[in-house]
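Subject: Structure for you to look at

Hello,

Here is the structure I said I would pass on. Please open it first, then read my notes below beside it.

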Amino acid sequence: MSQITLGTNNVSIEFPGVKALSNVNFAVSTGEIRAVVGANGAGKSTLMKVLAGANPDYTGEVTLNGEVVELRNPSAAKRLGIQIVYQEVDTALIPTLSVAENVMLNDTVMNTKGKPVIHWAKMRRSAQEVLSRLNIRNINVRTLVQNLSLAQKQMVLIARAIQCECNFLILDEPTAPLSDTETEELFKVVRHLQKTENIAIVFISHRLNEVLNICEKYTVMRNGELVDTTDITPETTTKEIVEKMLGRSFDENFPKETVKIGDKLFEVKNLYGGDGKIKDVSLYIRRGEIVGVAGLVGAGKSELCKTLFGGYKKTGGSMVLEGKEVKVTNPSGAVKRRLALVPEERRKEGVLVNEDVSFNLSAACLGRFCTASFVNRGKVDANAKKYVEELGVKTPTIRQYVRNLSGGNQQKVAVGKWLAADCRIYMFDEPTKGVDVGAKHDIFRLINDIAKEGNGVLYASCENAELLSLTDRIYVMYDGQIMAELVTAETTEDEIMYYAVGGKAAHTA
């Protein structure tokens, strides 16, 4: 198979107040699996969007086998065999259409202009052939996409990408929402595409262990510049990659601070809800305590957090805060009772992406910044400047729209709005999803500071290593139930995983 090389020569791009890319020279060839890594805001997603035709205002050149090409819109990129699968898979699929319709969507749209007749049998047959090329056997092409798992939706998007001409496939944080088993299935598909289709896979990820597992080379970006491209060898370590990403030495282990644990602050008794996914859950949090909730994808962690916050209806059980029973029927009621939730889907639920940083950081307690019925912009801005500095939010101005911030900085804003609200219980649902290691440590420090103030923290995560380094106790969930309660200092990843897959608990904390 002939090799095709996609590259950039001195590509730069600017957004309001920030230079996102600065004279980037990048190249990738068909048949390789390449990681592109960097801290949040380093420019990796911006560069990939240039290659996918989604950032048309670049300067410099994009080349294909040395010939300059114009990538000023996604259609131009697709015609040249460049496809991208974004992290938010739901936004790229039509949930009420079948798998076959979604896989063949581009072909259907192009071929029905003036001839609005669809050959359904041929469409389904073609979609099945594409899935077979990926060795995918567990997806029925007649199934509505809304009934698929996240992992299956990603496979549908990859199938759509290779259904068209595809020489370069860009995967943006593809494993962020996946379980370990689903991730391994994805990797099988990626390796299959590399070997049988000679496709270049460009893999953007913050999960560096996965980078070492699946990729052959890694490219490091920092502050909008490409700083290194290196082969991955058996001697390559995550610490080596992180230090190149950050430009400094780095301690991989987060040192948990010792915080005085007080009396019981919050208690949940026999909770049911979450659209039937939460079943008889009981837990408690003491003052100054960070309590983890472990479990695989689909175990009920998100549903638990949202039920406590009033996002899902509670159908049974009770909640007690500071010795008094509280009834929470909606999120506004939760806020009044000083409960906070930083949700997993930050762009959909955690921040207002079309508002600026300043407004977002006051959104959870806007009444505090009002004079009569008018918002006092001076107070809002003063609050924003305080938390931008304290949280280390990288933004050119507090007037920057949140949609233009990197994922890690969006997450800091999502947390910061609750600090201004002065809550008692802070719930974090997968708070480091899509966040680089530097921003991750910033978030950990922030959570420790919340606990030091005598508040309670509920920290739900699939990342067992994070739970072991950050929490005081851990509840392990499986199928909507608590399987075990563990003292963090006395448990291991193996024990957590045993209960996370449904192992029966003999001992509790």
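I begin with one residue and its partner. At 32% relative accessibility, Arg72 counts as partly exposed, because the partly exposed class lies between the 20% and 50% limits. Keep in mind that this is a predicted model. Arg72 has a salt bridge to Glu70, with 2.8 Å between the closest N and O atoms. Glu70 is partly exposed as well, at a relative accessible area of 48%.

Salt bridges

The count of salt bridges comes to 30. Besides the one already described, two are worth finding on your screen.

The first joins the side chains of Lys277 and Glu303, at 3.8 Å from N to O. Lys277 sits in the loop between strand 11 (264-273) and strand 12 (278-286), while Glu303 belongs to helix 10 (residues 301-308), so this pair ties together parts that are 26 residues apart in sequence. Are the two partners buried or exposed, or something in between? Lys277 is partly exposed, with a relative accessible area of 46%. Glu303 has 15% relative accessibility and counts as buried, because buried means under 20%.

The second is between Glu485 and Arg473, whose closest N and O atoms are 2.8 Å apart. Glu485 is in strand 22 (residues 481-487) and Arg473 in strand 21 (residues 473-478), so the salt bridge ties together parts that are 12 residues apart in sequence. Both Glu485 and Arg473 are buried.

There is also a network: Asp263, Arg287, Glu322 and Arg424 are joined into one by salt bridges that share partners.

A sheet and a helix across it

Next, look for an open sheet of 6 strands, which come in the order 6-7-8-3-9-10 with mixed pairing. Which strands are at the edges? They are strand 6 (82-85) and strand 10 (225-231), and each of them pairs on one side only. From one strand to the next, the twist averages 20°. As background, strands of a sheet pair through backbone hydrogen bonds, and the pairing is either parallel or antiparallel.

One pair in this sheet is strand 9 (residues 217-222) with strand 10, which are antiparallel and share 6 bridges. To find the place, use Arg222, which stands opposite Glu225 in strand 10. Helix 9 (residues 238-246) lies across strand 9 and strand 10, and also across strand 3 (33-38). The helix runs at about 30° to strand 9.

The whole chain

Zoom out now. The protein chain has 18 helices and 22 strands. Its radius of gyration is 24 Å, close to the 23 Å that the globule rule gives for 509 residues, so the chain is as compact as a globular protein of that length. Along the principal axes, the C-alpha atoms fill a box of roughly 70 × 55 × 50 Å.

How much of the chain is buried? Of the 509 residues, 54% count as buried. The protein chain exposes about 22300 Å², and carbon and sulfur atoms supply 48% of that area. Among the contacts with a separation of 6 or more, 66% come from residues 24 or more positions apart.

I suggest going through the notes in this order with the structure open.

Regards

Notes. Residues numbered from 1 in each chain as written. Predicted model: local features only at pLDDT ≥ 70, side-chain atom pairs only at ≥ 80, totals over all residues. Heavy atoms only, no water. Pairing = 2+ DSSP bridges. Helix = DSSP H or I, 4+ residues; strand = E, 2+ residues; numbered from the N terminus. Axes fitted to C-alpha atoms, helices over the stretch in contact; angles between N-to-C directions. Contact = heavy atoms within 4.5 Å. Salt bridge = Lys/Arg side-chain N within 4 Å of Asp/Glu carboxyl O. Buried < 20%, exposed > 50% of the residue type's maximum accessible area, 1.4 Å probe, protein only. Rg over C-alpha atoms; globule rule 2.2 N^0.38 Å. Areas by Shrake-Rupley, 256 points an atom, 1.4 Å probe, with all protein chains shown as cover.
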